[in-house]
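The exercises below are to be worked with the sequence and the coordinates at hand. Each task is followed by a solution in steps.

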Amino acid sequence: MKFLVKFFGYLFGIGAALGLVLAAGVWIYLQRLNEGLPDYTALKNYEPPVMTRVHASDGSLMAEYARQRRMFLPIQAIPDRLKQAFIATEDKNFYSHIGVDPEGIARAAIRYVQNFGSGRRPEGASTITQQVAKNFLLTNDVSIERKIREAILSLRIEQAYTKDEILELYLNEIYFGLGAYGVAAASLLYFDKSVHELTLEEIAYLGALPKGPSNYHPFRKTAAAIERRNYVIERMVANGFVTPEEGDEAKAKPLTVTPRDTGIQLDAAEYFTEEVRREVAQIFGEQRLYEGGLSVRSTLDPKLQVMARKALQDGLLEFDRKRGSWRGAVETIATAPDWGLELAKVEALNDLPEWRLAVVLDSGPAFATVGIQPGRLVSGKLSDERVTGKVFLETMKWARVDGREPGAVSDVLKPGDVVYVQESPVAPGSYELRQIPKVSGAIVAMDPYTGRVLAMVGGFSFAQSEFNRATQAYRQPGSSFKPFLYAAALDNGYTPSSVVMDAPLEISQGPGLGTWRPQNYGGKFYGPSTLRTGIELSRNVMTVRLAQDMGMPLVAEYAKRFGIYDNMLPVLSMSLGAGETTVMRMTAAYATIANGGRRIRPTLIDRIQDRYGRTIYKHDSRICDGCTQGEWAGQEEPTLIDDREQVLDPMTAYQITSMMEGVVQRGTATSVRAVERPVAGKTGTTNDEKDAWFMGYTPDLAVGVFVGFDTPKPMGRGATGGQVAAPIFTEFVKTALNEKPPVEFRVPRGLQLIPINRRTGLRAAAGTPGTILEAFKPGMAPPDSYSVIGFQDEMGIPRAVSPEAGQAVLSGTGGLY
């Protein structure tokens, strides 16, 4: 007996010693694992990459930018049923366990032993807490050591964070496929809905995806996806989250996924959106743009943007039809055995929604039969539907070949030709031939008082060319620069009735450069003319004389002050707009005149907020006096202090405006009168008609239009700003302001309106033919006789000319030159 006691005591001692050694070994092992564990307290500062969203001024979504498409939602904003779907499927004991699930671990261990050596991936037993530890703090490798580290971290996370905090991290981090991270982005990308709009079957499908998004793809593996979705519904029923009746109803429904387009979301806004993206990246950097979760509120007015694009496209198409020719098919394909399959391989411009690619199936004298490019189903598969229609000769007379109108459709279209067509607005089922114009252009619409860009189009098609001709193309503005030279004159002692000699002029340009002889557009000279006439009829020679009289350094200073050029060369040729600038800069300069001379900074962005809603950028820098009061206690209402620089005398601004109203009423842009409201503007045409401009404004809207080839070349005789650009301006402004009453330009206090003869600039009786009301500053008035700039005596002093002599010059043969 004593022996047995000693024997068992001996065994107990050995067992105890071995147990202590084993415990020490386990402790040392865990200590070693513990030393390499990441800091779980970093989860407190969790800031995942979140996508940036850009909105228009009315709140419409324009675009989203992200490397990981994620929108962070606080746990309080996630619907309970959505939480329950993940808890029922992933971790039913989530709210009761301590971070690990012993039952699940035992089950996984048994499966591991059973499958050892089979090559199968071990079965997981991870709780939601363990998945958080793995996704945030550990790697994704498959090993027992990683599982132990994961368990240790889970126990610590459970002690440091609440269950809701852990679930919030999980639901915002997990990957759902289609590039979506987190439940909010997944809801949008799979169903184009917010999480609050999801139905039970949609919630269950999202709950199914974290197990393996590619295994449950909605289109490639539909059956597996439905089976897994129904399993999630069953788990929700089993856990009491939904009733059996609700579950049966949801399981009976098909899987309806409507993937959301992840590109630019707003029609016609491609150029505008890309410019906003570039500007945000320039301010905050690429990383913050794609990961910072910024909320950008742009200045875009979606309605005006659509109108602007239509006006520009209409103008460019009209020019191409009148002056261009048929340039051939986009591509040629085989029409058998299935023309639809072949046509689907040709990539269409995706920002021309009314245009469709079509293949010519047969072509005859009077019409051609075309097959329209088949659409794609939600799954991405090509539709089996094949639509055909006819293109008639009457609608394609513009498609000249070798300079001649086609006598038959077959002169232009051959079977197999892939072309663009648009459904006829008057004969549904038939189509009209279309062609991408070679000429391009830009249009910018701006609020003249704030500099907010309301609409901007940088070309005919963004899909064809992303080059933004409104902001990136530096082109010569031609005569549209002249108002700033005349503004400099009016600011420095001249009046609208000052007279300048319009006569031949020779200017030596220095050794080896020859003599410059500026010419008017029509090649004629018109004798003494008022500054108003110089603007209205865009007289080049008298503009050069005026610049010569003032001195080009002064003109260069004004050009810089208005932001047209940074450093303009003070040479006389620059007075006719020979420098290079952008449509955006020119529109901002005209807006400065429109608002009475206050400097504005054009912007496409109103404000930017960070992921927490804090405003980190805003365009409006005006000071608000009294805006910090917490409550009203009888004090005066807050006032905005406009501290922007006054770059032009308000009276001068009105004088120039009045003179440019004459451009529309009597000058080079009479077609703009169709707007049927007060408009001030100026045409611009460069040498050989390489660039055509029209810059103009109403009291509340400034608009700039440019037309020209990307590689500057002549557009043809008569392709002037008044003939090419002004009609685009007219169409846009007429539709943009259609519902607003006409408003007159505001006359500054103290300015005198005196009747004068618009040709001589001399005072005239009101009502006399040729009389207009001209604006004069205090202390200035129309003279009884005038001196002519450019017509000096021997001392270089302008000679006085009697009205009779002036009249003789104006009505005679021009003997002064």
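**Exercise 1. A strand and its partner**

How many bridges join strand β24 (residues 692-698) to β25, and do the two run parallel or antiparallel?

Solution. The model is a predicted one.
Step 1. Count the bridges: there are 7 between β24 and β25.
Step 2. Read the direction: the two strands run antiparallel.
Step 3. Check the register with one pair: M695 in β24 is opposite G704 in β25.
Step 4. Look at the connection: β24 and β25 make a hairpin, with 2 residues between them.

**Exercise 2. The surroundings of β25**

Determine whether the residues of strand β25 are buried or exposed, and sort them by the way they point.

Solution.
Step 1. Take the cut-off: a residue is buried when its relative accessible area is under 20%.
Step 2. Apply it to residues 701-708: 8 of the 8 residues are buried, so β25 is largely enclosed by the rest of the structure.
Step 3. Recall the general pattern: side chains in a regular strand alternate between the two faces of the sheet.
Step 4. Sort the residues: L701, V703, V705 and V707 point one way from β25, while A702, G704, F706 and G708 point the other way. Both sets are buried.
Step 5. Add the other partner: strand β13 (residues 440-446) is joined to β25 by 7 bridges, and these two strands run antiparallel. In that pairing, A445 has V703 of β25 as its bridge partner.

**Exercise 3. The whole sheet**

Give the strand order of the sheet that holds β25, name its edge strands, and find the helices that pack on it.

Solution.
Step 1. Write the order: 5 strands form an open sheet, β14-β13-β25-β24-β23, with antiparallel pairing.
Step 2. Find the edges: β14 (453-457) and β23 (680-685) each have a single partner strand, so one side of each is left without a neighbour in the sheet.
Step 3. Give the twist: with direction ignored, neighbouring strands of this sheet are turned by 5° against each other on average.
Step 4. Examine the β14 edge: β13 and β14 pair over 4 bridges in the antiparallel sense. V444 has M456 in β14 as its bridge partner.
Step 5. Place the helices: α13 packs on the sheet and touches β13, β14 and β25, its direction making about 30° with that of β14. Helix α19 (residues 583-594) also packs on the sheet, touching β13, β14, β23, β24 and β25. The direction of α19 makes about 35° with that of β24.

**Exercise 4. A three-stranded sheet**

Describe the sheet that contains β3, β5 and β4.

Solution.
Step 1. Order and sense: the 3 strands form an open sheet in the order β3-β5-β4, and the pairing is mixed.
Step 2. Edges: β3 (69-70) and β4 (175-177) are the edge strands, each pairing on one side only.
Step 3. One pairing in detail: β4 and strand β5 (residues 180-181) pair over 2 bridges in the antiparallel sense. Y175 stands opposite Y181 in β5.

**Exercise 5. Cavities**

How many cavities of 30 Å³ or more are found, and which residues line the largest cavity and the second largest cavity?

Solution.
Step 1. Count: a search of the whole structure finds 3 cavities of 30 Å³ or more.
Step 2. Largest cavity: its volume is about 60 Å³. The lining consists of A268, E270, Y271, Q305, R309, D351, V457, G459, F460, S461 and F462. Two or more of the lining residues come from each of α11 (270-284) and α13 (302-323). By class, 5 are nonpolar, 3 polar and 3 charged.
Step 3. Second largest cavity: its volume is about 40 Å³. L317, D320, R321, W398, L433, R434 and Q435 line it. α13 and β12 (430-434) each supply at least two of these residues, and α13 gives the most, with 3 residues. The classes are 3 nonpolar, 1 polar and 3 charged.

**Exercise 6. A proline in a loop**

Locate P742, state whether it is buried or exposed, and list its contacts.

Solution.
Step 1. Position: P742 is in the loop between α21 (721-736) and β26 (752-757).
Step 2. Exposure: the cut-off for exposed is over 50%, and P742, with a relative accessible area of 53%, is exposed.
Step 3. Contacts: leaving out residues up to four places away in sequence, P742 touches E676, R677 and P678.
Step 4. Distance: P742 and P678 are 64 residues apart along the chain, and their C-alpha atoms are separated by 7.0 Å.

Key: Residues are numbered from 1 along each chain as its sequence is written. This is a predicted model: local features need pLDDT of at least 70, side-chain atom pairs count only at pLDDT 80 or more; totals for chains, interfaces and linings use all residues. Side-chain values use heavy atoms; hydrogens and water are left out. On a 1 Å grid over the protein atoms alone, a cavity is a set of points where a 1.4 Å probe fits but cannot get out, and a pocket is an open set with protein on both sides within 12 Å along at least five of seven lines; lining residues have an atom within 4 Å of a point. Grid points are joined across faces, edges and corners, and a volume is the space filled by probe spheres set on the points. Ala, Val, Leu, Ile, Met, Phe, Trp, Tyr, Cys and Pro count as nonpolar, Asp, Glu, Lys and Arg as charged, and the others, Gly among them, as polar. Buried means under 20% relative accessible area, exposed over 50%, partly exposed in between (1.4 Å probe, protein chains only). Contact means heavy atoms within 4.5 Å. Two strands pair if DSSP finds at least two bridges between them. Axes are lines fitted to C-alpha atoms, for helices over the stretch in contact, and angles run from 0 to 180 degrees between N-to-C directions.
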